[in-house]
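Q: Could you take a close look at the contacts that one chain makes with its neighbours, going from the areas down to individual residues? A connected account would suit me better than a list.

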Amino acid sequence: MSISRQNVETARKTGQEFRSGAVPISEHIEKTISGIQKEEPRNHCFVTLFEEQAHKAAIRVAQKLRSKEDCSLLAGVPVGVDDTMMTRGRRTTCGSGTLEHFIPTFSATAVQKLEDAGMIIVGKLNTDEFSMGSLTQTSFFGPTSHPADETRVAGAAAAAVASGVISCALASDTGGALRQASAGCGVCGIRPTYGAVSRLGLAAFASSMDQIGPIASDIRDCAEILNIISGKDPCDSTSVEIDKIDLSRIDSFSLSGLRIGIPSVFFESDTDPFVKASFHEALDALRSEGAVTETFSLKGLDQAVAAYAVISCAEASANLSRIDGIKYGFRAPEAKTLSEVYERTRSVGFGSDAQKRIMLGNYFLSAERYEEYYLRALRVKALIAKGFASAFRRYDVILSPVSPSLAPKKEPYDTLSMFEEDFFTVPASLAGLPAASVPCGKNPDGLSVGLQMIGPHFSEAKIVGAADAFLRIGGGQKTQGGQK
Amino acid sequence: MIRMTDIHEAPPEPASIGAEQIEYLEQLARIRLSGEEKERTARDLSKILDYIEMLGELDTEGVDPLSHPVTTEPVFREDKAVNDDRRDAMLRNAPEHKDGCFKVPKTVE
Amino acid sequence: MANFETVMGIEVHVELSTKSKIFCGCSARFGDEANAHVCEGCAGMPGTLPTLNRRVVEYAVRAGLALNCEISRFSRFDRKSYFYPDLPASYQVTQLYHPICKNGHLDIVADGKTKRIGINRIHIEEDAGKLVHDDWDDCSLVDYNRCSVPLIEIVSEPDFRSADEVVAYLEKLKATLQYLGVSDCKMQEGSMRADINLSVRPVGSEKFGVRTEMKNMASLKSIARAIAGETRRHIDAIESGETLIQETRRWDDNKGFSFAMRNKENAKDYKYFPDPNLMPVIVEEEYIREIRASLPELPEEKKARYIREFGLPEYDADILTGSRYLVAVFERAADICKNPKEASNWVMTELLKLLNDAQMQPEDMKFSPDSLGTILNMLTEGKINRAVAKKTFAEVFESDVDPVDYVRKNGLMQVSDTGSIEPVIREVLDANRKAVSEYLAGNEKSIQFLIGQSMKALRGKGDPQVVRDLLIKGLDERKG
């Protein structure tokens, strides 16, 4: 077991070394890829490596840097991308057997923006089948191993960053996958305001909640990447413009007087004692810097997971209907009739968790259940969104743990318990709020706990400021019950 | 073809998934389960539905359903045909194609 | 049959004549090679998102205003899910819960009576692709060119009681939509499709019978036959005590019978829900006002004006205004020749005859709109005679020739100078002594024969008046 996070340079530092000419990009990319290849048998973070394309990109970006072309601070920096995002001409599986050999003809807007900024995509990261899950348990390609414990699972983007093979990655977050993955591996991640990053080219799971965000060992790297990938996209009708985060002002962010709200149900929930203790210590640390904490009640939070389950399954059932073996992807070879093409392709192609969620979604949307489930879930969602809006008149940020438990073992899972793991993360998803996950503790076995910071719509700069200040006071570096 | 009568038909039954309902869901979802899978799935789905029952515990009377949490300006595309003929690229991922078309087993409407 | 009444409602799908599709930048043009107008979006690839074509909303609102509808300030798109190869996303984007237009009506004239047909709603949706069956290879081939072409669906109330009413409604609807420029409404190309919901009940009964929906009628005649055929099937079933099933059926015009559709249209449950990828369409009052102000003169107003201003007979005005394409030819010709009555006569006689002979619809006409006016001017100015004018117009209709060029190149200019005609007249009189004697003996009808002979000698180009005058002059001289 080795977590060499401390040895990894930030993406910004690496970018600086490329610009100054201290380190050649090609050499760094080569080192990165061989590093991945070395760790891969144990970690199983990547579904596809883009070795050849990454080398070509390295030469191109180096050329651009030499000719002083306009490049971002992260030009040349290797990055991993969750395999639910389309990469033109390069395999994109969405973690599903149905798309095992799928080669998209366009790139996701977020991917395109990374590449336009000169970042180099070294490969595609393992993912739950069509994002249905958080910790790669439902992936067609098998689960990713936790960096600290091979017998446990982890989100691949976070695990790759935590194991030090890359410094940053893009992940998707519907009910909390990005945050759960970050928390589990002790790295930082931001789910931005719904619409802040275009969803074009992100294979849809639950369209009303899907968002792309950055994961990095450094919160400022997250902010830098978010600055690159955010922005209104004319191809995504639900996209919005957010302000760029000004990192030059981040040092002056003060925790003193920061108004922090904590929904009282978050204390009452069935949470792992170590998670609970870490959360309380984080609150203590924040208070000692002058932050003011207060509990409050938010109507609907108890029902948030139920509402999330209904909405996400319903949307997923429609979104995944296009996986039918006709236009692309897997078609069951023995299918002779049209009905067999549909039924065998979808029965063999989808994993059992995806099948259950699709069937549930069909149930919720069926004519006689629509009102009872789907509309009611949208009403609960409305109450939650309203509750948050009024809470943010009193608080700057709302805090909670990210996950109620530590990284689970590689064991058979059931769909309901996966939903319940999202207890802390789905409320922000339903309300479209930005939320960051930052490390706030690590147990003696090296299993990490994350602190979630939720802000009002468009408050990414404030969340990053608070998260950065929290990390500066050492909030994220503590290892309870063991050495630093 | 749309009719308002399509929306509500039979009164809802209690939320538990039996053999008959699994078959109905298989049909709607176009997924066929084996006998053993059917039972396991019915059990799992019933468990989730039991959990979701709690939606009913909250009084949502008079609350408008919320679809989009973040309001945005309306987005329109201007009426311009900008795409080239990209048929070959579109067919490249097809399991089967013929004469520039996606190919499926013979079907009648 | 006398004891039964047929009750019908109509759902009309109209493809909007936009340049591009409803949610992507692919061309919406009809008739190109299979899958030439397909992108990731309309092929249902993962990760694609729709963006609404602005013109689709504009056209739907135009149609709604012309059909006397309320325009919804708030409308929204829903997904309608079913599996079929013509639907790449396995759902169609449509408007179930909040359609863009509601509660309109259209007045029709059938069996000599005016009747108001209620329009329940107009909603926007996307078209599906097309399947071609390949018998050689025992497979079906899917073409997505029509996929995501914008449609409006106009749903009437069940106000129809006869096929005549249905046909009158469809003709009026077609004329109106063509005037608005929102669709070319070509039934043969599928840009206008009518589905008939039909039920039969005993006369006097308040209760509706079991309803079936019929699709696949490619012409008004086929619709009339389908209504007759399906009505008969319902009555037979009722009389023989068979149970009718509420279902969608496909009309087979060759067999004269409808057949239940097996797959696509009889799905159990369409699982409608709002499409999370599209924001609601908010229509401002100001926008509605602007569109209302930009609406063209519609058939009824136009007809009244033709009668009032041009003094056209009601029948002629009715026929002319029945198609914006006839209107276009008529108005341009009237404008150029400054003689609306003459222009109307030419459209009513010559043009309708040409269309009928060619088995064409007015929207299929291809000639330049200025041509008829130019011909009529040449006629009034005496440059050509009436026979040449007709011949030239036929040529214009057939191959869009320039009338002035055509007349010149073929030497069809009317000959009216006496210097050229006199020698011909002399020859004719010399060659036809018998007719001359008859005329001189008092049989004035003989002059018609002599005129004919003279025109023939002049190869049709002679000015008939001049020819007649010169003939009479020559004959007078021979009276001696």
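A: A salt bridge is counted here when a side-chain nitrogen of Lys or Arg lies within 4 Å of a carboxyl oxygen of Asp or Glu. This is a predicted model, in which local features need pLDDT of at least 70 and side-chain atom pairs pLDDT 80 or more, while totals for chains, interfaces and linings use all residues, and side-chain values rest on heavy atoms, without hydrogens or water. Residues are numbered from 1 along each chain as its sequence is written, and chains are lettered from A and ligands numbered from 1 in the order of writing.

Chain B is the part to follow, beginning with its side towards chain A. One salt bridge there joins the side chains of A:D414 and B:K47, with 3.7 Å from N to O, and the count between chain B and chain A is 5 salt bridges. As for polar contacts (a pair of N or O atoms within 3.5 Å, where within protein one must be able to donate a hydrogen and the other to accept it, and residues adjacent in sequence count only through side-chain atoms on both sides), chain B and chain A have 14 residue pairs, both members at pLDDT 80 or more. With helices (H or I, at least four residues) and strands (E, at least two) taken as DSSP runs numbered from the N terminus, the elements that give two or more residues to the side of chain B touching chain A are α1 (19-29), α2 (35-52), α3 (87-91) and β3 of chain B. Of that side, the largest share comes from α2(B), which gives 8 residues.

Counting heavy atoms within 4.5 Å as contact, this interface takes 57 residues from chain B and 72 residues from chain A. The buried area, meaning the accessible area (1.4 Å probe) that two parts lose on being put together, summed over both, is about 5600 Å² for chain B with chain A, and 66% of it falls on carbon and sulfur atoms. Within chain B, the residues that lose the most area to chain A are B:R30, B:L55 and B:N93, which together make up 13% of what that side buries.

Turning to chain C, the contact with chain B involves 71 residues of chain C and 41 residues of chain B. These two chains bury about 4900 Å² between them, with 53% of it on carbon and sulfur atoms. From chain C, the residues C:R54, C:L141 and C:M279 supply 12% of the area that this chain buries against chain B, more than any other three residues.

Between chain C and chain B the count is 8 salt bridges, including the one formed by B:K98 with C:D134, where the closest N and O atoms are 2.5 Å apart. Polar contact links 29 residue pairs between chain C and chain B, both members at pLDDT 80 or more. On the side of chain C that touches chain B, at least two residues each come from β1 (4-15), β2 (52-53), α1 (54-66), β8 (113-126), β9 (130-134), β10 (139-143) and β14 (248-252) of chain C. It is β10(C) that gives the most to this side, with 5 residues.

The strand β10(C) also takes part in a sheet that crosses between the two chains. Given that two strands pair if DSSP finds at least two bridges between them, an open sheet of 4 strands appears in the order β2(B)-β3(B)-β10(C)-β9(C), with antiparallel pairing. At its edges stand β2 (97-98) of chain B and β9 of chain C, each of which has a single partner strand, so one side of each is left without a neighbour in the sheet. The link across the chains is made by strand β3 (residues 101-105) of chain B, which runs antiparallel to β10(C) and is joined to that strand by 4 bridges; B:V104, for instance, has C:S140 as its bridge partner in β10(C). Inside chain C, β9(C) and β10(C) pair in the antiparallel sense over 5 bridges, and here C:V132 has C:L141 of β10(C) as its bridge partner. The residue C:L141 has thus come up twice, in this pairing and among the three residues named for the area that chain C buries against chain B.
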